[in-house]
Amino acid sequence: MKKNRSRADSLNELANHEQNWDIIVIGGGITGAGILLEAARRGLNALLVEQKDFAWGTSSRSSKLVHGGLRYIKEGKFLLTRDSVRERQQLMRAAAGLVESQSFAFADYQGRKPGRWMFAIGLVIYDFLAGLRGKHYFSAQDFQMLAPHIAAADLKGGSCYQDAKTDDARLVLRVLQEARAAGATALNYLAVKSVTYENELASGVVLQDAVSKQEYQVNAKVIISATGAWADALRQQQGASARLRPLRGSHLLLPAWRLPVAQAVSLMHPRDGRPVFVYPWEGVSLVGTTDVDHGADMQQETAITADEVAYLMEAMDFQFPQLQLKLDDIIASYAGIRPVIDTGKADPSKEGRDHAIWLDKGLLTVTGGKLTTFRLIAQDALKHINHLFPDHQADHEADSLFTRPSDLSNVKQLSHTQKSRLQGHYGESAAEIVQIAQDGELDYIPGTLTMWVELRWAARFEEVEHLEDLMLRRTRLGLLLRKGGLALLPRIRAICQPELKWDDERWEYEQAAYLQLWNRYYSLPDRENIPDWRNQRQPI
């Protein structure tokens, strides 16, 4: 992150009206971050504000996949797939160590859809759109070597293909880091209370700091709402009608030793034929995802339901019957809300994943779309306002999505994997992270791929306002460790409390609040409410 300007300095700048803003971006997820970066690289003076924490919503609760959308081929959406796979390839090059290749294995069973040849045709098209070629189909014996522990009965063979994975919250932070380096300003915990108008067109916002409750009036030539699944709330304040269908996707995390997968294993759920997957992520195995309408309060955290737990466990039991997975094996869960455009389809999974841009009384709303195509979405949004900035680089395209990370080739105490991780996650700051590490802080935190020094860096430089920011988004320890990392909190406290400048009372308050949040939203629902998935065959 840009370290020469603190949050307090940026807020003082707002209070004193020291900047004439070209663009105000509302929303600190991947779409807002992408717009901020593209605007800053065009020389525009851009401000991003987020009412909670960066990546608090969908962008820290996705399936963590940077993928082209293989299923979109079946729907005939070849252009969306082409754009997605090309962006996937570019992200893997520009952010190696953060966006990494992930092989997927799909078993071919006697009598099960989609069948070898139909799937093979889709994979050939998928690779062709990405400019790739490779072997896809393997015999039953070879496939069991690639995906051990899968059900062997009626197995004919299986197909493999390539996609990619990431730490979604860290990707947002990396994009914000690049935007700040290009001159932009981004502030978390700064909510938009209202949009102000001049000649019936949006011209500014009234902001309130969640920490101090101080208000700020800020004006700009353009106001862009990039609030994802929450976009309708702001649009409806302008008199527009609701256009979104919030869908919940829930996930489980299990120890890698209990659900061992070297490759991602993808399958069609035995109950309804929806795609479900499990893949290695950050040292654990991640299982997802559901796709159901979310009717709860959008301002509250969302959590997995008892039926969704059973649904995902049913899929794992179906694909890995010999593992006999149990609820006690689950480390954590999480659920996110997807911003999907409502077209009235009965099945939520049939709704499209295209992005949309709407203009209501001068408020430009950007929503929908996929994590993979965030850069293209940002470029599309800025095309709608190019005419307002004729002197700027309307067709600017950076040589690379990200700037070159700092060189760690001479750092002997790090493995190649650690170097790649730091460079991908932190870019130009990677070398500085190594420099601030104290004894033992370049070691991995047990059970994870996170190094202790990442906690110190986040606490010192990454605008942590609450302990949940540190445990759930700056790092993902709250998802990777049992009970949210409770057993390691004493050492985490020793590292981070001095960096955060919290007194003992503040730390105790934050720790209690974090653990309460984790137990309510990131653990499991009451066990007695979770159906026995081994007898489940009804839709959730």
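Here are a few questions and answers on the predicted model above, its overall build and one of its cavities.

Residues are numbered from 1 along each chain as its sequence is written. Since the model is predicted, local features need pLDDT of at least 70 and side-chain atom pairs pLDDT 80 or more, while totals for chains, interfaces and linings use all residues, and side-chain values use heavy atoms, without hydrogens and water.

Reader: What is the radius of gyration of the protein chain?
Author: The chain folds into 17 helices and 18 strands (DSSP runs: H or I of at least four residues, E of at least two). The globule rule (2.2 Å times the number of residues to the power 0.38, over C-alpha atoms) gives 24 Å for 540 residues. The chain comes close to that, so it's as compact as a globular protein of that length, with a radius of gyration of 23 Å.

Reader: How many cavities of 30 Å³ or more does the structure hold?
Author: Rolling a probe the size of a water molecule over the atoms shows where empty space is left. A cavity is a set of points on a 1 Å grid over the protein atoms alone where a 1.4 Å probe fits but can't get out. With 30 Å³ or more as the cut-off, the count is six.

Reader: Which element gives the largest share of the lining of the second largest cavity?
Author: Lining residues have an atom within 4 Å of a cavity point, and here they include Phe106, Tyr109, Arg112 and Ser159. Two elements give two or more residues each, strand 4 (99–109) and helix 5 (116–130). The largest share, four residues, comes from strand 4.

Conventions. 1 Å grid on protein atoms, 1.4 Å probe; cavity = no way out; pocket = protein on both sides within 12 Å on 5 of 7 lines; lining within 4 Å. Points joined across faces, edges and corners; volume = space filled by probe spheres on them.
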